[in-house]
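Visitor: I'm new here and would like someone to explain the labels people use. Could you show me the structure and take my questions one by one?

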Amino acid sequence: MSALPPRRPKHLSLGPLETEILEILWELGLATVKEIHDRILTDPDRELAYASVTTVLRRLSEKGWLACDRQDRAFQWRPLVSRSEAQMFQAHDQLQRFLAVGNPDVVAAFADQLDCASIEKLDAIAQRLKAARQAKEGN
């Protein structure tokens with residue numbers, strides 16, 4: 001069973017434009033502000049200032065999602081977290097907030113609404129947890 005990745009962004013919350021820019025960078029791997037801006041403007045109904053893209057890139061960097069490298073006279077932006085790692089962090093965060101409610105009635109009501117496929121997934125998760133704990137005890 002894989003643990004959460006060691007590199008975690010400082011802030012997990014993302015706005016719609018931040019998410020869109022991250023998606024572009026996950027697709028491209030590395031991009032300049034111009035490349036990102038041009039990609040967003042491929043939608044003819046879309047208007048977005050170049051400076052807005054720059055601001056969002058800086059904000060994502062401050063939140064721990066991106067890094068910026070200078071190559072010649074251009075700055076290249078790259079993600080520090082993969083798409084799958086981001087999904088793991090966000091799912092973990094949502095689960096922790098759900099469990100923080102601490103009310104067994106809320107958890108029971110949630111569990112009562114699960115369909116058969118969800119119950120099978122939870123059973124598989126429980127088996128993986130059991131195996132991981134047994135492996136830890138064996139080491």
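**Labels and the values behind them**

Guide: Let's start on the surface: Leu 122, Ile 125 and Leu 129 form a nonpolar patch there, with about 240 Å² of accessible area together. Before you ask more, this is a predicted model, where local features need pLDDT of at least 70 and side-chain atom pairs count only at pLDDT 80 or more, while totals for chains, interfaces and linings use all residues. Residues are numbered from 1 along each chain as its sequence is written, and side-chain values use heavy atoms, with hydrogens and water left out.

Visitor: What makes Leu 122, Ile 125 and Leu 129 a patch?

Guide: Patches are made of residues with over 30% relative accessible area and no salt bridge; nonpolar side chains (Val, Leu, Ile, Met, Phe, Trp, Tyr) are joined within 5 Å, and like charges within 9 Å. The areas come from the Shrake-Rupley method with a 1.4 Å probe, and for residues only the protein chains shown count as cover.

Visitor: And why is Leu 122 called partly exposed?

Guide: Buried means under 20% relative accessible area, exposed means over 50%, and partly exposed is in between (1.4 Å probe, protein chains only). Leu 122 has 43% relative accessibility, so the label is partly exposed. You'll find Leu 122 in helix α6, residues 116-138.

Visitor: How do you know where a helix such as α1 runs?

Guide: Helices (H or I, at least four residues) and strands (E, at least two) are DSSP runs, numbered from the N terminus. Helix α1 covers residues 16-28, which is 13 residues. The expected span is 1.5 Å times one less than the number of residues. For α1 that is 18 Å, and the reach from first C-alpha to last is close to this, at 18 Å. Just after α1, Gly 29 takes a positive phi of about 85 degrees.

Visitor: Which residues of α1 are buried, and what covers them?

Guide: The buried ones are Glu 18, Ile 21, Leu 22, Ile 24, Leu 25 and Trp 26. Their cover includes α2 (33-40), α3, β1 (66-71), β2 (74-79) and α4 (83-100).

Visitor: What makes a group of residues a nonpolar core?

Guide: It's a set of buried Ala, Val, Leu, Ile, Met, Phe, Trp, Tyr and Cys residues joined through side-chain atoms within 4.5 Å. The largest one here has 21 residues, and Ile 21, Leu 25, Ile 36, Val 53, Leu 57, Trp 65 and Leu 66 touch the most other members. Helices α1, α2, α3 and α4 each supply at least two residues of this core, and α1 gives the most, with five. In soluble globular proteins, nonpolar side chains tend to be buried together.

Visitor: Why is Val 33 called buried?

Guide: Its relative accessibility is 10%, so Val 33 counts as buried. Val 33 lies in helix α2. Contact means heavy atoms within 4.5 Å, and, setting aside residues up to four places away in sequence, Val 33 touches Tyr 50, Val 53, Thr 54, Leu 57, Phe 75 and Trp 77. From Val 33 to Thr 54 is 21 residues in sequence and 6.3 Å in space, C-alpha to C-alpha.

Visitor: What makes Leu 30 partly exposed?

Guide: A relative accessible area of 37%, so Leu 30 is partly exposed. Leu 30 is in the loop between α1 and α2. The C-alpha atoms of Leu 30 and Trp 77 are separated by 5.6 Å, with their positions 47 residues apart along the chain.

Visitor: How do you know that Glu 18 and Lys 63 form a salt bridge?

Guide: A salt bridge is a side-chain nitrogen of Lys or Arg within 4 Å of a carboxyl oxygen of Asp or Glu. For Glu 18 and Lys 63, the closest N and O atoms are 3.1 Å apart, so they form one. This pair links distant parts of the chain, with Glu 18 in helix α1 and Lys 63 in helix α3, 45 residues apart.

Visitor: Is Lys 63 buried or exposed?

Guide: Buried, because its relative accessible area is 13%. Glu 18 is buried too, at 5%.

Visitor: How many salt bridges does the structure hold?

Guide: Eight. One of them joins Glu 18 to Arg 59, with the closest N and O atoms 3.7 Å apart. Another joins Arg 97 to Asp 93, at 3.3 Å. Those two both lie in helix α4, four residues apart, about one turn of the helix.

Visitor: Why is Arg 97 called exposed?

Guide: Its relative accessible area is 53%, so Arg 97 is exposed. Asp 93 has 24%, so that partner counts as partly exposed.
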